[in-house]
Amino acid sequence: MRTQVAIIGAGPAGLLLSHLLASDGVDSVVIETRSRAYVEARIRAGILEHSTVELLDSLRLGHTLRREGHEHRGIYLQEPGTRHHIDFVDLVGRSVWVYGQTQLQRDLGQARDAAGQQIEYGVSHTQLHDLTTDSPCVTYESEDGRDQRLDADAIAGCDGSFGPSRAAVPGSAHQTWERVYPYAWLGILADVAPSTDELIYAWHPDGFALHSMRSPTVSRLYLQVPPETDVETWSDDRIWTALSERLGAGIDGWTLHAGPITDKSVLPMRSFLQAPMRFGRLFLAGDAAHIVPPTGAKGLNLAVADVALLAPALEALVRKGKPALADGYSEAALRRVWRCTHFSWWMTTMLHPTGDPFDEQLQLSQLRWVCSSAAGATGLAENYAGLPLRS
Ligand code: FAD
Ligand code: DHB
């Protein structure tokens, strides 16, 4: 098989890239190890930045999001006894949208179906070859067990944090940075109406808690837990009691509504970055190049921002033979990646107590400054609602 761009991974980065390329007249083939049902059911991120929504709108991919998603003006930040609203719209003129990654994944899948995009699910043994030539290729085994070879002008590694693309770059040609945090999140999905109109990020001496949501009838909540936590040790009762305590039951008469838990999992937290995001004709995008801890909801939005830069760079390279944008892709993408890496680290370290009394006082001092100072609140709002794309 031959195509212009071979895309490895049918997550948000891979599918959106194939969509952007097609709208620029560039052919691509997407390969994916998992089944389509698995990819579309994976519960992950839930917040879209302003510019992500604008991009989806501009591609006519925003209609379901506009109908089923929920626009939020800001978030609540709190310490025990005090809840404070940070209004992004007032501060920076931009909002965010609550819209599950599962829903976005489904929208992108349907849009690619409508355009006749070739996507192969269930592949295995993916390998990348000849990356430093003008004709790289990907080999893999198709779902029905046949060996396949996909020749291309360029390869987009959109295969997430465990895919083969990042590892195909020789050690001498890249640098990595990593921070592993000494805590994890226990995340639950529950069939109960959210107990809040906008997300609550709560600092608490027992550990951070976050009240998010997916719809008027589905809540998504998180608790800080030790990284080695066995999910079985957290009964539903224990989870609701801890959430209620940490999220501030009693603040101005507020209560947390409990309901049936439909999903429960532990998410490890780390920051990771590999640069450059290009090696020869291989271009990395999304989690394949960088991971952020979830606090601040940047992972999915960064993947979108990467491919918004990568698509025009690949179009210029493979259709017009002009390499300038491709040559500048990594540096341009990394500027935003490092900004979001810093913001995610900053939100994470501000809100997760580690048991060190000195650090806890610094966290509370920082939190109070953000809640009481226009400069502090504006900095958070600008980063959370997101910088303009391609900036
Ligand atoms: P992915 O969505 O990971 O897609 C990569 C795709 O590549 C996958 O479908 C994978 O199956 C496929 N693949 C892997 N190997 C191969 C191969 N060999 N061949 C072909 N295909 C391959 N972000 C937030 O902002 N908030 C959250 O709450 C949040 N929760 C998360 C929970 C989990 C468990 C995880 C893993 C991530 C979470 N994230 C969250 C991060 C966010 O979901 C990611 O940043 C986002 O999915 C990145 O999109 P992507 O397309 O780059 O990677
Ligand atoms: C969600 C996850 C986040 O990491 C976050 O900061 C906000 C919301 C969510 O899954 O809804």
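**Entry 1. Ligand 1**

I began with Tyr222 and noted that a polar atom of its side chain is 3.3 Å from an oxygen atom of ligand 1. I record at the outset that the model is predicted.

I then looked up two further polar approaches to ligand 1. Asp287 places a side-chain N or O atom 2.7 Å from an oxygen atom of ligand 1. At Pro12 it is a polar backbone atom that lies 3.3 Å from an oxygen atom of ligand 1.

How much of ligand 1 does the protein bury? I found that ligand 1 taken alone exposes 990 Å², of which the protein buries 85%.

I next listed the surroundings. The residues around ligand 1 number 28, and those that come nearest are Ala13, Glu32, Arg44, Gln101 and Asp287. Sorted by class, this shell holds 12 nonpolar, 9 polar and 7 charged residues.

Which elements give two or more residues to the shell around ligand 1? I noted helix H1 (12–23) and helix H9 (299–320). H9 gives the most, with 3 residues.

**Entry 2. Ligand 2**

I returned to Tyr222, since I wished to see its contact with the second ligand. A polar atom in the side chain of Tyr222 is 2.6 Å from an oxygen atom of ligand 2. I therefore entered Tyr222 under both ligands, with a polar side-chain atom within 3.5 Å of an oxygen atom in each case.

Two backbone approaches to ligand 2 followed. Pro294 has a backbone N or O atom 2.6 Å from an oxygen atom of ligand 2. The corresponding distance for a backbone N or O atom of Ala297 is 3.3 Å.

I looked up the burial of ligand 2 as well. Alone, ligand 2 exposes 290 Å², and the protein buries 97% of that.

Which elements give two or more residues to the shell around ligand 2? I recorded strand S15 (209–215) and strand S16 (218–225). S15 gives the most to this shell, with 3 residues.

The shell around ligand 2 comprises 14 residues, with Tyr201, Ser212, Arg214, Tyr222 and Pro294 the closest. By class I entered 8 nonpolar, 3 polar and 3 charged residues.

**Entry 3. Salt bridges**

I noted a count of 21 salt bridges. As background, side chains of opposite charge can pair when their charged atoms come close.

I examined Glu68 in particular. Glu68 forms a salt bridge with Arg67, the closest N and O atoms lying 3.6 Å apart. Glu68 also meets Arg106 in a salt bridge, at 3.5 Å from N to O. What does the pair of Arg106 and Glu68 tie together? Arg106 lies in helix H6 (residues 101–114) and Glu68 in helix H4 (residues 63–68), so the pair ties together parts that are 38 residues apart in sequence.

Are these partners buried or exposed? I found Arg67 exposed, at 60% relative accessibility. Glu68 is partly exposed, with a relative accessible area of 32%, and Arg106 is likewise partly exposed, at 28%.

I then turned to Glu178 and Arg270, whose side chains meet in a salt bridge of 2.7 Å, N to O. This pair links distant parts of the chain, 92 residues apart, with Glu178 in strand S13 (residues 175–190) and Arg270 in strand S17 (residues 261–275). Arg270 has a relative accessible area of 25%, so I classed Arg270 as partly exposed, the category between 20% and 50%.

Which residues are joined into one network by salt bridges that share partners? I entered Arg67, Glu68, Arg106 and Asp107.

**Entry 4. A sheet of three strands**

I closed with an open sheet. Its 3 strands run in the order S3-S7-S4, and the pairing is antiparallel. Which strands are the edge strands? They are strand S3 (47–48) and strand S4 (70–72), each pairing on one side only.

I looked more closely at the pairing of S4 with strand S7 (residues 96–98). These two strands pair in the antiparallel sense over 3 bridges. Within this pairing I noted that His70 stands opposite Val98 in S7.

Methods. Residues numbered from 1 in each chain as written. Chains lettered and ligands numbered in written order. Predicted model: local features only at pLDDT ≥ 70, side-chain atom pairs only at ≥ 80, totals over all residues. Heavy atoms only, no water. Near = heavy atom within 4 Å. Polar contact = N/O pair within 3.5 Å; in protein donor to acceptor, adjacent residues only side chain to side chain. Areas by Shrake-Rupley, 256 points an atom, 1.4 Å probe, with all protein chains shown as cover. Helix = DSSP H or I, 4+ residues; strand = E, 2+ residues; numbered from the N terminus. Nonpolar A, V, L, I, M, F, W, Y, C, P; charged D, E, K, R; others polar. Salt bridge = Lys/Arg side-chain N within 4 Å of Asp/Glu carboxyl O. Buried < 20%, exposed > 50% of the residue type's maximum accessible area, 1.4 Å probe, protein only. Pairing = 2+ DSSP bridges.
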